[in-house]
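Please consider the structure shown below, which is discussed here in terms of its internal spaces, its ligand surroundings and one pair of packed helices.

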Amino acid sequence: MDFSSGRLRQKQARLAGDRRELYPHSLQFYLEPPTENISLVEFESFAIDRLRLLKVVENLGVSHVRTSDTYKTKLGAELRKLKFPYKALAEDDYEARRKDHISHFILRLAYCQSEDLRRWFLQQEMDLLRYRFNELTEGLRQKFLEHVNLSFEAVSEDLKNELANELYTSTPGLTMTKVKEQMFYKVGLADAVDLFRARRVFIKDGFAYVPLKEIDVIVSNNFRAKLSKALALTARALPSIQSDERLQPLLNHLSHSYVGPDYSVQKNTGKISLEQIDALSVKSFPLCMRQLHKALRDNHHLRHGGRMQYGLFLKGIGLTLEQALEFWKKEFIRGKVDADKFDKGYAYSIRHSYGKEGKRTDYTPYSCMKIIMSNPPSQGDYHGCPFRHSDPDLLKQKLQSYKIPLSGITQILELVKGMHYQLACQKYFELTHDVDDIGFSLNHPNQYFTESQKLLSGGRELKKELNNSGNSQQKNNNQESMNSNSTPTSSSTTTDAELEGLEAYFTED
Ligand code: SF4
C-alpha cells in the first residue's frame, strides 16, 4: 500500500498511456475532445475547479482593467492554486494541461445547453485564453501561433522603416520609438476585422499591419469563432448525452451550479421571529427576495415558482417549520385561500420542503445560478432574479423607488447589460449597505442575507473602516474570505434531482 506520489503518477501515466504528445503547448484551442477514460470523481472535481476559475475570470474582468497588474496577479494566483497551466509551468506541465483540456470539454457539455450559458462560457474562456496567451514568452507565443495555423508574416525591418510614419499615425498607443521596437505582422483583413473596424491598424494592399501587442485580439477572435461553432455542434448532440443517466445530473448541476457554501444546513433555525421579516426584507434581503416578499404582502399569494424560491430562502435564513406554516397561512388566508384549503394543500408542500413528507429530503435553498438559469418567470410570477429577468426600465424604476442613487443605478444597469447579474447584485449590496467593497463573491441569496446581517450587526464594521482607509492588508483578507466562500461543497450536488420531486408538490396556484 506504499503509493508514493511519484509512483502513483507513474501508474496513472501508464493507465493513461503516453499522452504527452497531445499537449505540445500549454495553451490550446481545444480542437480535439479527450478520449481517455476518467473516473466520475475526477470528472466532477476537474469541472468544479474550472467553474471556479471561470467565475474568478468573470469577477476580475468586471472589477479590474484586463491589462492591469492586479488583474494579472490575481488570475495568475488562481491558476496556480487550482493547478491549471500558468506562466511558470509553460514548458512542462502535463498534468495541468490534461486538466485544462478535460475540464474545458466537460464544461462545454454543461454550458452548451442554452444561449445564455453558451454566451457566458464563451466570454470567460476567451478572456482566460487571452490572458494566458499574453503571459507566454515571445518564443512560446510564436510556437503557439504556428501550432494553431495563425502564423503571420513578420514585416521586415526595411519595410517597417519605410512605413514607420504610417504605422505610427495609424496605430494608437504607439510612439515612434515603440514602432521601431515592436514586431509587426501582415495579417489578412478577414482575421483582423475588429482591429480594422476600431481603426487600430494600418492597412495596405489588403493586409493589416498588426503590432505584436494586438495579436491577442486576433487569437481570441479566432478562438471565439471556433468555440462558438463547437458549442452549437455540441448542443445538437445533446440528446445522446442526455440519455446517459450518470452524466446528465452532473452536467445539469454544473450548469446551474455555483461554487459556494451549502445553505441547506440552517445554523440560525428559530432565531428569527415572524415580526422581523418585514424589516429584514428591506435591510438584508437581496432584490429577488425583497420582490417576492413585497408581492406576497401585496397579493396575499405567490404562484408556485415564487413559493419554491422564497419558501426555501426563508427556511435557509432560519424559519422553523412551525413558523413557515404560520407565516404562509396568515398571508394566504388574507387573500382568496381559506384555512381549510391551506391546510389540505399548501401546508403539505411546506412540510415536504422541510423534509417531513414524501421522500423526506431536506431541500436546499436555490443558488443564484439556479435562479438565474432556470424556470424564468412568466406573467404574474415574481420569482427569478430581477437583474436577469426584469425589463431594464422596470429595474431602474424599482431601484429608484428603493432610493439607490442615480450613479449607482447606472453602474448596476451597465453590469446587467454585460450580463453580470451577480455582480450587479453585489453593487446593489454595496450601495444599500454603504460599503466600498463587498468583500465576498456573491453566489447565493442566503449568502447575501448572512453577509448583510454580519455587517449590520457590527461583525464586519472593522472591515468597512479598514476598507475605507484603503488598508491593503485587510483587502487581502477580503480576497481570502471570497476564496473561502467559493470552496465547493459536495453536498451542493444534491439539489436538482431532489427538487424535481418537490416541484410536483408545488403545482397548485
Ligand atoms: Fe437574488 Fe442572486 Fe439575483 Fe441577487 S443575483 S437578486 S441574490 S438571484
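**Cavities, ligand shell and helix packing**

At least two residues of the lining of the largest cavity come from each of four helices: H2 (40-63), H5, H19 and H23. The model under discussion is a predicted one. Of the elements that contribute to this lining, H23 provides the largest share, with 4 residues. The largest cavity encloses about 190 Å³ of space, and 18 residues line it, of which Glu58, Trp120, Met369, Met419 and Gln422 are the closest to its centre. By residue class, the lining of the largest cavity comprises 8 nonpolar, 6 polar and 4 charged residues. In total, the structure contains 5 cavities of 30 Å³ or more.

Two of these helices also take part in surrounding the ligand. Helix H19 (368-373) and helix H23 (421-433), together with H20, each contribute at least two residues to the shell around the ligand. The residues that surround the ligand are Pro286, Cys288, Cys368, Ile371, Cys385, Pro386, Phe387, Gln422, Cys425 and Pro445. This shell divides into 9 nonpolar residues and 1 polar residue, with no charged residue. Gln422 thus appears in the shell around the ligand and also among the residues closest to the centre of the largest cavity.

Helix H20 leads on to an open space, the second largest pocket. Helix H20 (386-389) and helix H21 (392-401) are the elements that give two or more residues to the lining of this pocket, and H21 gives the most, with 3 residues. The volume of the second largest pocket is about 380 Å³. Its lining is made up of 16 residues, and those closest to its centre are Gln291, Asp381, Ser390, Leu394 and Lys398. The lining of the second largest pocket consists of 5 nonpolar, 8 polar and 3 charged residues.

Helix H5, already met in the lining of the largest cavity, also packs against another helix. How do H5 and H11 pack? Helix H5 (residues 115-135) and helix H11 (residues 215-236) meet at an angle of about 145°, and their axes lie 9 Å apart. The crossing of H5 past H11 is right-handed. On the H5 side, the contact is made by Arg118, Phe121, Leu122, Glu125, Met126, Leu129, Arg130, Phe133 and Asn134. On the H11 side, the contact residues are Ile215, Asp216, Val219, Ser220, Phe223, Arg224, Leu227, Ser228, Leu231 and Ala235. The residues in the contact of H5 with H11 fall into 11 nonpolar, 3 polar and 5 charged.

Technical notes. Residues are numbered from 1 along each chain as its sequence is written. This is a predicted model: local features need pLDDT of at least 70, side-chain atom pairs count only at pLDDT 80 or more; totals for chains, interfaces and linings use all residues. Side-chain values use heavy atoms; hydrogens and water are left out. Axes are lines fitted to C-alpha atoms, for helices over the stretch in contact, and angles run from 0 to 180 degrees between N-to-C directions. A crossing is left-handed if the near helix is turned anticlockwise from the far one by less than a right angle, and right-handed if clockwise. Contact means heavy atoms within 4.5 Å. Ala, Val, Leu, Ile, Met, Phe, Trp, Tyr, Cys and Pro count as nonpolar, Asp, Glu, Lys and Arg as charged, and the others, Gly among them, as polar. On a 1 Å grid over the protein atoms alone, a cavity is a set of points where a 1.4 Å probe fits but cannot get out, and a pocket is an open set with protein on both sides within 12 Å along at least five of seven lines; lining residues have an atom within 4 Å of a point. Grid points are joined across faces, edges and corners, and a volume is the space filled by probe spheres set on the points. A residue is near a molecule or strand if one of its heavy atoms lies within 4 Å of it.
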